[in-house]
Amino acid sequence: MTAELIDGKAFSVRVRGLVGAHVTRLAAQGIVPGLAVVLVGEDPASEVYVRNKGIQTREAGMNSWEYKLPADTSQEALMAQVAALNADPAVHGILVQLPLPKHLDSEAVINAIDPSKDVDGFHILNVGLLGTGQKAMVPCTPLGCLMMLRDRLGDLSGLNAVVVGRSNIVGKPMAQLLLGESCTVTVAHSRTRDLAEVCRRADILVAAVGRPRMIPGDWIKPGATVIDVGINRISEDGRTRLVGDVDFDSAVQVASAITPVPGGVGPMTIACLLANTLTACCRAHGLPEPEGLTV
Ligand SMILES: NC(=O)C1=CN([C@@H]2O[C@H](COP(=O)(O)OP(=O)(O)OC[C@H]3O[C@@H](n4cnc5c(N)ncnc54)[C@H](OP(=O)(O)O)[C@@H]3O)[C@@H](O)[C@H]2O)C=CC1
Ligand SMILES: Nc1nc(=O)c2c([nH]1)NC[C@@H]1CN(c3ccc(C(=O)N[C@@H](CCC(=O)O)C(=O)O)cc3)C=[N+]21
């Protein structure tokens, strides 16, 4: 038996189509959702993501602005950029690409973003709203993972979910969303004892570690649904390629469904960023929120 592929790329096309249809409807009222992305320094991988975000934002009919600031940008200059975007009514979503260069205080920058424009869902207010089950801006990567899980499994209640990784941008919000779906949630990390045994209990296994192919097939419960968030650039056989945190070739023999890398969680992350920008725009204009694009 081999697992079914969860095609995040195809799913993201559907989500972006839904977003585009809402944007067309807003255009008739003279409203255009807008997303501003701020990138500090020159990281080639980040530049690829930022470019893709810009292309897809415009394809969905939204406004897109990119601010590329030099690597030696000061905290004050970055805060001033954020303040200007907060004050601009044409900007409904603000994303500051992470990680920031070491001399910058990313917590202060994120918490300076107007929470209603925080389409990453990283502001402490949105983190608190999500943690208490209130309406929030939900981080894009976990939101995309949840959409795929709901689509595949329907009701998730009572399932054992294991999230490997406890970062503020993926692991923790993923765990909160799964708890909100009434899963029994375990969050594992670098200090977890006997990670193999913990993973083997998972009906839903979410890997967000950043270590190429760390999770082999024999850590996976037969029939489990596996979501591989990891994006690791490795060189192999003389070329560079992307691999996940899960050893795909062995996992596919055991799981019932699995997301590939590339073509899994990554494209859904960008689709959810567009969905969050649309949601922020609707809220800013006092319009009803689009259905099926938020939790
Ligand atoms: N597809 C997408 O859209 C996105 C993909 N990513 C990818 O997801 C991965 C994770 O990203 P992110 O959450 O930002 O990463 P972080 O580096 O912030 O967090 C990694 C987590 O993995 C844990 N970890 C590290 N080593 C081990 C180990 N040996 N065993 C168990 N746990 C371990 C760490 O534990 P501890 O806390 O104890 O240090 C930490 O909690 C990366 O590959 C990243 O590129 C990220 C964002 C979006
Ligand atoms: N403030 C902030 N918000 C983020 O959401 C954020 C961030 N900072 N910093 C970096 C990470 C990473 N991230 C990805 C988004 C899309 C793909 C993606 O589309 N991946 C494609 C492959 C792309 C390629 O070929 O390189 C795929 O998996 O199929 C990957 C990674 C968002 N992040």
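Me: Which helices and strands each supply at least two residues of the shell around ligand 2?
Reply: This is a predicted model, and in it 18 residues surround ligand 2, with Gln-97, Leu-98, Pro-262, Gly-266 and Thr-269 as the closest. By class, that shell is made up of twelve nonpolar, five polar and one charged residues. The elements that each contribute at least two residues to it are α2 (44-59), β4 (93-96) and α10.

Me: Which element gives the largest share of the shell around ligand 2?
Reply: Among the closest residues to ligand 2 are Gly-266 and Thr-269, and helix α10 covers residues 265-284. The largest share of this shell, four residues, comes from α10.

Me: Where does ligand 2 lie with respect to domain 1 and domain 2?
Reply: The domain assignment of the protein gives domain 1 as residues 30-116 and domain 2 as residues 140-265, and their centres, taken over C-alpha atoms, are separated by 28 Å. Because both domains give residues to the shell around ligand 2, the ligand lies between domain 1 and domain 2.

Me: Which helix gives the most to the shell around ligand 1?
Reply: Of the 25 residues around ligand 1, those that come nearest are Gly-165, Ser-167, Ser-190, Gly-210 and Thr-269. By class, the shell holds ten nonpolar, twelve polar and three charged residues. The helix that gives the most to this shell, with three residues, is α10 (residues 265-284).

Me: How many of the ten residues of helix α7 are buried?
Reply: The buried residues of α7 are Gly-171, Lys-172, Pro-173, Met-174, Ala-175, Gln-176, Leu-177 and Leu-178. They pack against the helices α5 (124-131) and α6 (140-153), and also against the strands β5 (160-164), β6 (184-188) and β7 (204-207). Helix α7, at residues 171-180, is therefore mostly covered, and the number of its ten residues that are buried is eight.

Me: Which residue just after α7 takes a positive phi?
Reply: Helix α7 spans residues 171-180. Just after the helix, a positive phi of about 65° is taken by Ser-182.

Me: What radius of gyration does the protein have, against that of a compact globule with 295 residues?
Reply: The protein has ten helices and eleven strands, and its C-alpha atoms fill a box of roughly 50 × 40 × 35 Å along the principal axes. Buried residues make up 46% of the 295 residues, and residues 24 or more positions apart account for 68% of the contacts with a separation of 6 or more. A compact globule with 295 residues would have a radius of gyration near 19 Å, which agrees with the value for the protein, 19 Å.

Notes. Residues numbered from 1 in each chain as written. Chains lettered and ligands numbered in written order. Predicted model: local features only at pLDDT ≥ 70, side-chain atom pairs only at ≥ 80, totals over all residues. Near = placed C-beta within 6 Å. Nonpolar A, V, L, I, M, F, W, Y, C, P; charged D, E, K, R; others polar. Buried ≥ 20, exposed ≤ 12 C-beta atoms within 10 Å, placed from the backbone. Contact = placed C-beta atoms within 7 Å. Rg over C-alpha atoms; globule rule 2.2 N^0.38 Å. Domains from an automatic or database assignment.
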